[in-house]
Amino acid sequence: MIYYFTGTGNSQAAARFFAEQMGEETVDMAVALKKRELSCRLGEGETLGLVFPVYYWGLPTVVVNFLSKLKLSEESPYVWAVVTCGSSIGAADRQLKSVAARNGIQVNAVYPLVMPDNFVPMFRAPGEEKVKEILKKADGRMEEILSGIRTRDGGDQSGFRGLALSASMQALYRNGRKTSHFSVDPSCVGCGLCETICPVSAIRLVDGRPEWKKEQCALCMGCLNRCPKQAIQYGKRTRKNGRYVHPGMAAEG
Ligand SMILES: Cc1cc2nc3c(=O)[nH]c(=O)nc-3n(C[C@H](O)[C@H](O)[C@H](O)COP(=O)(O)O)c2cc1C
Ligand code: SF4
Ligand code: SF4
């Protein structure tokens, strides 16, 4: 069983790759949380996979929430995680292990996977050629990770250990999640996609335009990057930084 969380499709594409190779099923963590489907029963010899993006060197709120509520029927299955990132997962491996351990789940292996960076409030979105280049490298890395999972290895042990720095990154995440940073341009056509895809139901369409009804969100960047009119902005830089959506997710619409 492979549980994933995604804002712009990288982690979904990676989860699908591993599921296909291993003959397993994928489940979206945000959907499982909304439907309260949080009991997991694994088949004989089946592993538990977790695939999600790193946010500010740590875990997205949805992943923390999901891992705190997941009920595993097996005693100690092999649990592996693939953390997608633009460059570095920082201390996410350590946070993941401790959050899961609090719910009695031991994470055996964590693998960072570099994919295109979707955080356009800070960085310019990679162009088409760059995206192809990064995804090609990611394909090779996923093959390596797959053999690690198959041999039940211990994952990447080179984790970042800067405690103070990762604590300040988490404070930045808390501040960044304030939905007051979002705004909508007049180019919005009221299609409702942003409302439908928000993993934490933080958006509601009012008179055909999105309003953020919660004070904080997961900051997945799904609404902003996937809006067909690029009408959603966050802070000052997103108007010029472009947008990123994994080609597989973009093709699905
Ligand atoms: C709020 C936020 C914070 C991020 N922080 C980091 C980070 O600390 N390090 C990093 O390498 N990438 C960071 N990224 C980039 C994503 O982790 C990366 O693009 C990921 O593959 C996106 O996955 P998704 O397409 O499944 O949503 C961040 C992205 C977001 C939205
Ligand atoms: S996805 Fe974009 S165009 Fe559609 S309702 Fe939301 S902001 Fe408007
Ligand atoms: S409001 Fe936008 S960025 Fe925040 S969780 Fe919802 S889709 Fe993601």
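The radius of gyration is taken here over C-alpha atoms, and the rule for a globule is 2.2 Å times the number of residues to the power 0.38. For the protein chain of this predicted model, which has 253 residues, that rule puts a compact globule near 18 Å, and because the chain itself has a radius of gyration of 18 Å, the two agree. Along its principal axes, the C-alpha trace of the protein chain spans about 55 × 40 × 40 Å.

Within these dimensions the protein chain has ten helices and eleven strands. Of the contacts in the chain with a separation of 6 or more, 77% are accounted for by residues that lie 24 or more positions apart. Buried residues make up 48% of the 253 residues, where buried means under 20% relative accessible area.

Helix 3, which covers residues 61-69, gives a local view of this burial, with Val62, Val63, Phe66 and Leu67 buried. Seen down the axis of helix 3, these buried residues fall within an arc of 125 degrees, and therefore they line one face of the helix. The cover over the buried residues of helix 3 includes strand 1 (2-4) and strand 4 (48-53), together with helix 2 (29-35) and helix 4 (92-102).

Turning to the outside, the protein chain exposes about 12400 Å², and carbon and sulfur atoms supply 51% of that area. As for charge, the protein chain carries 33 positive and 25 negative charges, and the mean positions of these two groups are 9 Å apart.

Note on methods. Residues numbered from 1 in each chain as written. Chains lettered and ligands numbered in written order. Predicted model: local features only at pLDDT ≥ 70, side-chain atom pairs only at ≥ 80, totals over all residues. Heavy atoms only, no water. Helix = DSSP H or I, 4+ residues; strand = E, 2+ residues; numbered from the N terminus. Buried < 20%, exposed > 50% of the residue type's maximum accessible area, 1.4 Å probe, protein only. Contact = heavy atoms within 4.5 Å. Areas by Shrake-Rupley, 256 points an atom, 1.4 Å probe, with all protein chains shown as cover. Lys, Arg positive; Asp, Glu negative; His and termini not counted. Charge placed at Lys NZ, Arg CZ, Asp CG, Glu CD. Arc of directions from axis to C-beta.
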